[in-house]
Amino acid sequence: MTKKSYRLPTLYLNPLPSFVTQYLKTMSKSHPNNKKPDLSNKRKSRILVVTPEITYLPSGMGNLDQRMSAKAGGMADVSASLVKALYEQGADVHVAIPNYRKMFHTDMKEIFDREVERISSALPEKRIHLAEDRIFYRRSKVYDLAENHNTALAFQREVINNIIPRVQPDLIHCNDWMTGLIPAAAKRLGIPCLFTCHNIHSERLTMAHIEDKGIDAADFWHNLYFTERPDSYEEARDSKPVDLLATGIFASDHVNSVSTTFLYEVVEGKHSFVPDAIRRELANKVYAGCASGILNAPDESLKPYSDPYLEHHFNADNFQEGKAINKALLQKKTGLKQNPDAPILFWPSRLDPMQKGCQLLADIMYQTVADYSELGLQVVIVASGSFSQHFKDIVALHGLEGTVAVCDFDEGLSRLAYAGSDFMLMPSRFEPCGLPQMVAPKYGSIPIVHDTGGIHDTIHHMHYDGKLGNGFRFEHYSPTGLRWAIDEALKFYQWDDDTKKSAIKRIMKESDEFFNHQTTAAAYIERYEKILGREVVETLHNV
């Protein structure tokens, strides 16, 4: 294998809070998880990635790889791309995922079994490990509120009882509350775990419920996180619930959130919706030097020069011509007025007023469009969610047809909107990581964002000369704050062509370089090596 060296990005790193920096300095020399790994041991370590969601698996990991699609949200894209990057960089990576047979389009058992046989014969060992249970077979979507608990327990039962003994991993990488019991069980076996928090949602179940589904919690009950202090196994079994996300954090050797800033926002108590148990356990990990932030990255197909959804491709060198063609096509498909000079604001995120800040745009949309009527300002929303009807009502009330387009989410239209728009709107109240703010600048659509969580780690406000920064960031979460950032963006839109072109070209190139899964995989591999104290892949030991 050709030796490579992958460096982690430094351009968009932000300083940690002072109390964290001071504490970690005192801990860094003494804590075992922060010691430099011993790379003299050349044995490649085996990593088991456990995820309830995945969109695809890399070619070479089995013949079912391109059929497997179990997606509910961003974690699916991230899990798939991370596994692919780890595998391509030489890691001995295995995947455990529920056998969502219906979603894999293999409803007939005979066909499915035949495909599994072909995987085994095509590889020296099986790398795709499907958790088997009837509860997975009939599902047409990953999450169902009526069955989420039972589905999560069935998945974890199969991983604990069957997949871990078969794979015999050196390290297990778990994801979110649906895998929260696995670090507790793995600790009994002496297998270290990395636990990734993509979100802060959790569920609570009694040990009685857990054991009734086939997981022998009595064997590792002291590694579980109970909502009340347990006096004994017998006393706690029926009456004191276990918090699954808090358990994953508590029992793991290292925990990471999907952005550094969101991790410290939680620890510092800046988000009232975060349960105290989650905040405390994350704080304990931070204070012990066992927590970090590792940014997600967009799916690799999200590149304007190769996007399979685009008819007209472009790159940083010819983006002006490419974006002009895509803007005209976007205006045609969404019913916007054909105006090549009109700046377009694009909203790509689900229309969830609790998190995404839709109401901020609703409050200022009519006045903003009116104030910039001479520029011909247009707004295109390609997203679904509870707030959609409010935007449609505003359009109808003020006669904004042709100026504002509100469209349900469609993957192809969303990709076209990235390519044809000038700015991307993302005024999230909070954001564990976020992906649109990393996707948009790849396409030359400059982000207009609220300064929070993963957005803070990825978007810096544009400097006056366009030589630094990659977006327009407002600090105060309010309609006024969003309007200020839009005003700043539209000032930039009216810069002279050469200066503006130079800034956009720089942003596109930097985004393509830094926002990718090779960078993310390098960060995870570095973390795996620190946990294990030995190398995971030879090519990355100098990260």
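**Figure 1. Overall fold of the predicted protein chain**. Helices and strands are here DSSP runs, of at least four residues for helices and at least two for strands, numbered from the N terminus. On this basis, the secondary structure of the protein chain amounts to 20 helices and 15 strands. The chain has 543 residues, of which 59% are buried. Its exposed surface is about 22300 Å², and carbon and sulfur atoms account for 49% of that area. Of the contacts between residues at least 6 apart in sequence, 73% link residues that are at least 24 apart.

**Figure 2. Packing of helix H13 against helix H14**. Two packed helices are described by the angle between their axes and the distance separating those axes. Helix H13 spans residues 358-371 and helix H14 spans residues 388-398; their axes lie 10 Å apart and form an angle of about 5 degrees. Angles under 35 degrees count as roughly parallel, and H13 and H14 are therefore roughly parallel to each other. Helix H13 contributes Cys358, Leu361, Ala362, Met365 and Tyr366 to the contact, while helix H14 contributes Phe391, Ile394 and His398. By residue class, the contact of H13 with H14 comprises seven nonpolar residues, one polar residue and no charged residue.

**Figure 3. Surroundings of Ile97 in strand S2**. Strand S2 covers residues 92-98 and includes Ile97. Because the relative accessibility of Ile97 is 0%, this residue counts as buried; the cut-off for that class is under 20%. Ala131 is separated from Ile97 by 34 residues in sequence, yet the C-alpha to C-alpha distance between Ile97 and Ala131 is 6.0 Å.

Key. Residues numbered from 1 in each chain as written. Predicted model: local features only at pLDDT ≥ 70, side-chain atom pairs only at ≥ 80, totals over all residues. Heavy atoms only, no water. Buried < 20%, exposed > 50% of the residue type's maximum accessible area, 1.4 Å probe, protein only. Contact = heavy atoms within 4.5 Å. Areas by Shrake-Rupley, 256 points an atom, 1.4 Å probe, with all protein chains shown as cover. Axes fitted to C-alpha atoms, helices over the stretch in contact; angles between N-to-C directions. Parallel < 35°, antiparallel > 145°, perpendicular 65-115°, else oblique. Nonpolar A, V, L, I, M, F, W, Y, C, P; charged D, E, K, R; others polar.
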